[in-house]
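Walk me through this model, one region at a time. Keep the sentences short and tie each statement to the coordinates.

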Amino acid sequence: MKKITVNADTSYDILIEGGLLKQCGELISQAVKSKKCAIVTDDNVDGLYGDIVVKSLENSGFTVSKLVVPHGEESKSHRQLIALYNFLCENDITRTDFLIALGGGVVGDLTGFCAATYLRGIDYVQIPTTLLAQVDSSVGGKTAVNIDSGKNLVGAFKQPALVITDTDTLSTLSEEIYAEGMGEVVKYGMIRSLPLFEKLSEGSSRKYLDEIIAQCVGIKRNVVQNDEFDTGERMILNFGHTFAHAIEKAAGYGNVPHGKAVAMGMYMITSAAEKQGKVKKGTADRLKKCLEANSLPHEYKISRDDLYRLSIGDKKRTSDKIRVIICAEPGNCEIITLSLNEYRELINLV
Ligand code: MG
């Protein structure tokens, strides 16, 4: 079993290995004091893993209640959040008890934000079951729900008490959802690790899943430890995301999956910056080959006007400047600040 310890606001472990779900009761016993918890999961994941998790918890002496929400982004809503608060009250979950998020990013974000706010904050454990959640959303303590005005606009920083990553759960993911997670995985190679990038370029990631996930989580851990509350370095995790958010908006949310939009955003900004000489020659091509080897797209048809307009609303913008992340070569990234004119010039080269 691989164990990665995060020393943030609180310190906690991320455990990675195939088959961990069956041992989750025992593992959680070592990380939390209470013997009472509520599981939050969705209707897809519940059918696959709900019973395994409940059984393991009960065998370790836990009293367990479970709320199953519909799968999909719609469940990351304040309506679902209020339903969850009421469920916890009905099941007598007190300040010393804890929540378990069993599922992908939607369940993790909803449960995490609930844990941050219910009774002014209780513990929660993440059991991520998608690649995207395992390498990204379950690590780092960002939690949120969506409101009508936009995604993730109401949230909190709340680190989990433990993260249990059972890599066997990835075997039930469709190629489509798996490829989507690979978008963020390639991102980690680009921003921080040439060896990881080179390994991914071979296109046989499923063979080394535990290792790859541990490397991604290790990179994210290091970045989050340096900048837990997202005021500086943590921004590098947004490589490819400024364009990705514009692509997602242009396509209508949900039509281009996030990981694929990130793949396209990374290539588009790298190829434009390469034309300006900010990136080592040949880097965009290497990135394109790596994306292709992982069944990921690299380009999206969007007009430069739309790309500009839809991306300057991004969180990374201050009044007249925008910060973007550029990788001068795989494994090596920097944050650069551009005036809006310079940003427009960059986009004209996409
Ligand atoms: Mg992302």
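E184 is buried in this predicted model. Its relative accessibility is 0%, and the cut-off for buried is under 20%. This residue also binds metal: the magnesium ion is coordinated by E184 through OE, and by H241 and H258 through NE2. The distances run from 2.1 to 2.3 Å. Along the chain, the donors follow the spacing E-x56-H-x16-H. E184 sits in helix 6 (residues 175-192), while H258 belongs to helix 10 (residues 258-275), so this pair ties together parts that are 74 residues apart in sequence.

Turn next to the sheet. It is open and holds 7 strands, in the order 1-2-9-6-5-3-4, with mixed pairing. Strand 1 (2-7) and strand 4 (63-69) stand at the edges. Each has a single partner strand, so one side of each is left without a neighbour in the sheet. From one strand to the next, the twist averages 15 degrees. In general, strands of a sheet pair through backbone hydrogen bonds, either parallel or antiparallel. Strand 3 (residues 36-42) and strand 5 (residues 98-103) run parallel, joined by 5 bridges. Within this pairing, I39 has I100 in strand 5 as its bridge partner.

Helices pack on the sheet too. Helix 8 (residues 209-226) touches strand 1, strand 2 (11-16) and strand 9 (162-165). The direction of helix 8 makes about 10 degrees with that of strand 1. Helix 3 (residues 78-90) lies across strand 3, strand 4 and strand 5. It runs at about 160 degrees to strand 4.

Now the cysteines. How many disulfides are there? The count comes to 0. A disulfide needs two cysteine sulfur atoms within 2.5 Å. For C24, the closest cysteine sulfur is in C37, at 8.7 Å, which is too far for a bond. For C114, the closest is in C89, at 9.2 Å, again too far for a bond. C24 is buried, at 0% relative accessible area. C114 is likewise buried, at 0%.

Finish at T337, in strand 11 (residues 332-339). Is T337 buried or partly exposed? T337 is partly exposed, because its relative accessible area is 46%. Beyond its neighbours within four places in sequence, T337 is in contact with K321, I322, R323 and E342. A284 lies 53 residues from T337 in sequence, and their C-alpha atoms are 21 Å apart in space.

How values were computed:
Residues numbered from 1 in each chain as written. Predicted model: local features only at pLDDT ≥ 70, side-chain atom pairs only at ≥ 80, totals over all residues. Heavy atoms only, no water. Donors = N, O, S within 2.8 Å, 3.2 Å for Na, K, Ca; no water. Helix = DSSP H or I, 4+ residues; strand = E, 2+ residues; numbered from the N terminus. Buried < 20%, exposed > 50% of the residue type's maximum accessible area, 1.4 Å probe, protein only. Contact = heavy atoms within 4.5 Å. Pairing = 2+ DSSP bridges. Axes fitted to C-alpha atoms, helices over the stretch in contact; angles between N-to-C directions.
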